[in-house]
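The following account considers how charged side chains and a metal site connect parts of a single model. Please keep the sequence and the structure in view while reading.

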Amino acid sequence: MIRYNLVCAKGHEFESWFAGSAAYDRQAKRGLVECPVCGSAKVEKALMTPRLARTRKSTPAASETPAAAAAASEPVVPAAPETPAPVAVISPQERELRTKLRELREHLVKNAENVGQRFPEEARKMHYGEKEHRSIYGTASPDDAKALHEEGIEFAPLPVLPDERN
Ligand SMILES: [Zn+2]
């Protein structure tokens, strides 16, 4: 099995599978290889371009099954053009960090009491011994955070994941 990138006389590029280069030559000579866009049988091999990290939406391994291989001696209708989608490249380190942040956040949320906007008040009460120490989380304005810090009350920002900011 061999895949050729083909281009028709009008410049439409498409790809097709053939049993081999001889099969391609034979079919092309007899006008059996047609452009799927305009139907032109005037096709030739296009320059091969490297494809990086290309994902196929449908049946990626189909061309490796015997049935597909047999059927593929006839030109295969190429898949519809793929629409672009937003993507991001995340390094393994970033992925790991993100997972750890999520774990930390989940641990905190699971083991601490959500006191919401009462956080500064609750943190103070614990700091000054009015309440028993426990794990809490909530919200604090920048001013509150500054004041708590100046009073020597220890707290840390709850990790925020990028997709939770809004
Ligand atoms: Zn064409």
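E96 and K100 both belong to helix 3 (residues 92-111), where they stand four residues apart and are therefore separated by about one helical turn. In this predicted model, their side chains form a salt bridge, with an N to O distance of 3.2 Å. Both partners are partly exposed: E96 has a relative accessible area of 45%, and K100 has one of 48%.

Side chains of opposite charge can pair when their charged atoms come close. A search of the whole structure finds nine salt bridges. One of them joins the side chains of R3 and E15 at 4.0 Å, N to O. Here R3 lies in strand 1 (residues 2-8) and E15 in strand 2 (residues 13-18), so this contact ties together parts that are 12 residues apart in sequence. R3 counts as partly exposed at 25% relative accessibility, whereas E15, at 12%, counts as buried; the latter assignment follows because buried means under 20% relative accessible area.

A further salt bridge is formed between the side chains of R124 and E151, at 2.9 Å from N to O. This pair links distant parts of the chain, since R124 is in helix 4 (residues 119-127) and E151 is in the segment after helix 5 (142-150), 27 residues apart. R124 is partly exposed at 25% relative accessibility, and E151 is likewise partly exposed, with a relative accessible area of 27%. Elsewhere, salt bridges link E113, R118, E122, K131 and R134 in a network.

Attention may now turn from charge pairs to the metal. Which protein atoms are the donors of the zinc ion? They are SG of C8, ND1 of H12, SG of C35 and SG of C38, and they lie 2.0 to 2.3 Å from the ion. In sequence, these donor residues follow the spacing C-x3-H-x22-C-x2-C. Within this set, H12 and C38 link distant parts of the chain: H12 is in the loop between strand 1 and strand 2, and C38 is in the loop between helix 1 (21-29) and strand 3 (43-45), 26 residues apart.

Why is the arrangement around the zinc ion tetrahedral? The four donor atoms subtend angles of 104 to 114 degrees, and four donors count as tetrahedral if all angles lie between 85 and 135 degrees. For four tetrahedral donors, the ideal angle at a metal is 109.5 degrees. As for solvent accessibility, H12 counts as partly exposed at 25%, and C38 is partly exposed with a relative accessible area of 31%.

Definitions and conventions
Residues are numbered from 1 along each chain as its sequence is written. This is a predicted model: local features need pLDDT of at least 70, side-chain atom pairs count only at pLDDT 80 or more; totals for chains, interfaces and linings use all residues. Side-chain values use heavy atoms; hydrogens and water are left out. Helices (H or I, at least four residues) and strands (E, at least two) are DSSP runs, numbered from the N terminus. Buried means under 20% relative accessible area, exposed over 50%, partly exposed in between (1.4 Å probe, protein chains only). Donors are N, O and S atoms within 2.8 Å of the metal (3.2 Å for Na, K and Ca); water is not among the atoms, so sites may look incomplete. Four donors count as tetrahedral if all angles lie between 85 and 135 degrees; four count as square planar and six as octahedral if opposite donors are over 155 degrees apart and all others between 65 and 115; anything else is irregular.
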